[in-house]
Amino acid sequence: KPSGLSFKLVLLGDGRVGKTSLVLRYVTNSFSEKQEATAQASYLTKRLVIEGVPITLAIWDTAGQERFHALGPIYYRDADAALLVYDITDDDTFIRVKNWVKELQQMAPKNIIMAIAANKSDLVRSKKFDVQEADSYAASIGAKLFVTSAKLGSGIDEVFLDVATRVLQK
Ligand code: GTP
């Protein structure tokens, strides 16, 4: 068992928004255009040091697709943080983030740290795409919004570091 602190982070978001891709980019620095749908929850770990404190981050990934969706209490149990993911090119997936937040509020520990990833930013041409609504929604739930691309690897270290830092400071 790794020494030091261990944090549990759960990913939530609709099918195909890029949850698995974000984890794989973060943990193994890889990306596949043909990433297959996740059918079962599993986790990967990443070790990091924040303010001199060694931390093991267990990153739980699960199926977003409805046909697989049956998240038991085990997924949420003792979760320190949640990363809510949507696809920046698909507004429906942003609307669904609000449902995932409701589920979190029912199932997860009360003081869970949250962040939102607006993923697939590489598919949006304009550098000024509108994340204002998502930004203010994030603020309203005490979360922070990060614009990410698992394909390009942008915004990813930042979002995981932000949530881990906030868990550490809690
Ligand atoms: P479920 O397992 O169904 O919940 O999906 P998921 O949210 O884990 O998404 P996944 O990582 O499987 O990615 C779905 C598809 O989107 C794959 O074809 C990925 O290659 C693609 N994808 C993921 N992230 C990005 C990204 O940042 N940019 C682009 N262009 N494609 C991405």
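In this predicted model, a polar backbone atom of Gly18 lies 2.9 Å from an oxygen atom of the ligand. Two further backbone contacts involve ligand oxygen. At Thr38, a backbone N or O atom is 2.7 Å from an oxygen atom of the ligand. At Lys151, the distance from a polar backbone atom to an oxygen atom of the ligand is 3.3 Å. On its own, the ligand has 650 Å² of accessible area, and the protein covers 94% of that area.

The site was examined next. The ligand occupies the largest pocket. Around the ligand stand 26 residues. Those that come nearest are Lys19, Ser21, Ser32, Thr38 and Gly64. Thr38 thus appears both among these nearest residues and among the backbone contacts. By residue class, the shell holds 12 polar, 8 charged and 6 nonpolar residues. Helix H1, spanning residues 19–28, supplies the largest share of the shell. That share amounts to 3 residues.

Charged pairs were then searched for across the whole structure. The search finds 5 salt bridges. One salt bridge joins Lys151 to Glu33. The closest N and O atoms of this pair are 2.9 Å apart. The two partners belong to distant parts of the chain, 118 residues apart. Lys151 is in the loop between strand S6 (144–147) and helix H5 (156–169). Glu33 is in the loop between H1 and strand S2 (42–50). Lys151 therefore has two roles in this description: a backbone atom 3.3 Å from a ligand oxygen, and a salt bridge with Glu33.

Technical notes. Residues are numbered from 1 along each chain as its sequence is written. This is a predicted model: local features need pLDDT of at least 70, side-chain atom pairs count only at pLDDT 80 or more; totals for chains, interfaces and linings use all residues. Side-chain values use heavy atoms; hydrogens and water are left out. A residue is near a molecule or strand if one of its heavy atoms lies within 4 Å of it. A polar contact is a pair of N or O atoms within 3.5 Å; within protein, one must be able to donate a hydrogen and the other to accept it, and residues adjacent in sequence count only if both atoms are side-chain atoms. Accessible areas come from the Shrake-Rupley method with a 1.4 Å probe; for residues, only the protein chains shown count as cover. On a 1 Å grid over the protein atoms alone, a cavity is a set of points where a 1.4 Å probe fits but cannot get out, and a pocket is an open set with protein on both sides within 12 Å along at least five of seven lines; lining residues have an atom within 4 Å of a point. A molecule sits in a cavity or pocket if more than half of its atoms lie within 2 Å of its grid points. Helices (H or I, at least four residues) and strands (E, at least two) are DSSP runs, numbered from the N terminus. Ala, Val, Leu, Ile, Met, Phe, Trp, Tyr, Cys and Pro count as nonpolar, Asp, Glu, Lys and Arg as charged, and the others, Gly among them, as polar. A salt bridge is a side-chain nitrogen of Lys or Arg within 4 Å of a carboxyl oxygen of Asp or Glu.
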